[in-house]
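Student: Hi, can we go through a structure together? I'd like to start with one side chain and work outwards.

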Amino acid sequence: MIRYANMNDFAVLRKYEHGIVDCQLKESIAAGRIVIMLSPRSSLIGWLRFNLFWDSIPFINLLYLLDEYRGQGYGKQLLRYWENEMAARNYEKALTSTLSNERGQFFYRKNGYVDCGSILLPNEPLEIFFLKRLTLSAAV
């Protein structure tokens with residue numbers, strides 16, 4: 001099952017979500033900016049947290065699957081669900097980024113995202129940005 005997170009999900013997300021402080025995590029949940037995937041027994045498989053780049057382009061901040069669920073197609077399902085949601089809201093494109101030393105770049109390319117830029121911060125690997133055009137038919 002895939003659905004938007006609610007405040008009842010805060011504790012389990014807090015357990016795994018280390019890249020965001022409590023108040024921001026709560027704000028993201030309240031704003032409907034976290035989509036979670038649950039197993040048939042309602043245990044967490046993973047989640048996708050997003051925001052709006054320039055207040056107008058959906059940007060995936062994090063797509064995370066628990067270790068035991070990786071490599072089984074769940075990430076693609078979660079991504080497609082989110083893309084379809086964004087297309088239904090009339091967004092025409094989506095963005096995300098990964099560090100050049102992360103495997104995520106291959107996942108996004110495999111799922112139709114194309115390199116569209118990068119940034120190099122001091123003492124960090126290159127951050128690669130990816131873009132995908134959204135349509136309802138392509139996102140289903």
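Student: Is Glu83 buried or exposed?

Tutor: Glu83 is buried, at 0% relative accessibility. Buried means under 20% relative accessible area, exposed over 50%, and partly exposed in between (1.4 Å probe, protein chains only). This is a predicted model: local features need pLDDT of at least 70, side-chain atom pairs count only at pLDDT 80 or more, and totals for chains, interfaces and linings use all residues. Residues are numbered from 1 along each chain as its sequence is written, and side-chain values use heavy atoms, with hydrogens and water left out.

Student: Which residue forms a salt bridge with Glu83?

Tutor: Lys132 does, with the closest N and O atoms 3.2 Å apart. A salt bridge here is a side-chain nitrogen of Lys or Arg within 4 Å of a carboxyl oxygen of Asp or Glu.

Student: Where do the two sit in the chain?

Tutor: Glu83 is in helix α3 (residues 74–88) and Lys132 in strand β7 (residues 127–133). They are 49 residues apart, so the pair links distant parts of the chain. Helices (H or I, at least four residues) and strands (E, at least two) are DSSP runs, numbered from the N terminus.

Student: And Lys132, buried or exposed?

Tutor: Lys132 is buried too, at 9% relative accessibility. Arg80 joins Glu83 and Lys132 in a network of salt bridges.

Student: How many salt bridges are there in the whole structure?

Tutor: Seven. One of them joins Arg14 and Asp22, at 2.7 Å between the closest N and O atoms. Asp22 is partly exposed, with a relative accessible area of 39%. Another pairs Asp115 with Arg109, 2.8 Å from N to O. Asp115 is partly exposed at 42%, and Arg109 at 31%.

Student: New topic. How many helices and strands does the chain have?

Tutor: Five helices and seven strands. From the N terminus, the order is β-α-α-β-β-β-α-β-α-β-β-α.

Student: What about its overall dimensions?

Tutor: The C-alpha trace spans about 40 × 40 × 30 Å along its principal axes. The radius of gyration is 15 Å, which agrees with the value near 14 Å for a compact globule of 140 residues. That radius is taken over C-alpha atoms, and the globule rule is 2.2 Å times the number of residues to the power 0.38.

Student: What share of the residues is buried?

Tutor: Buried residues make up 41% of the 140.
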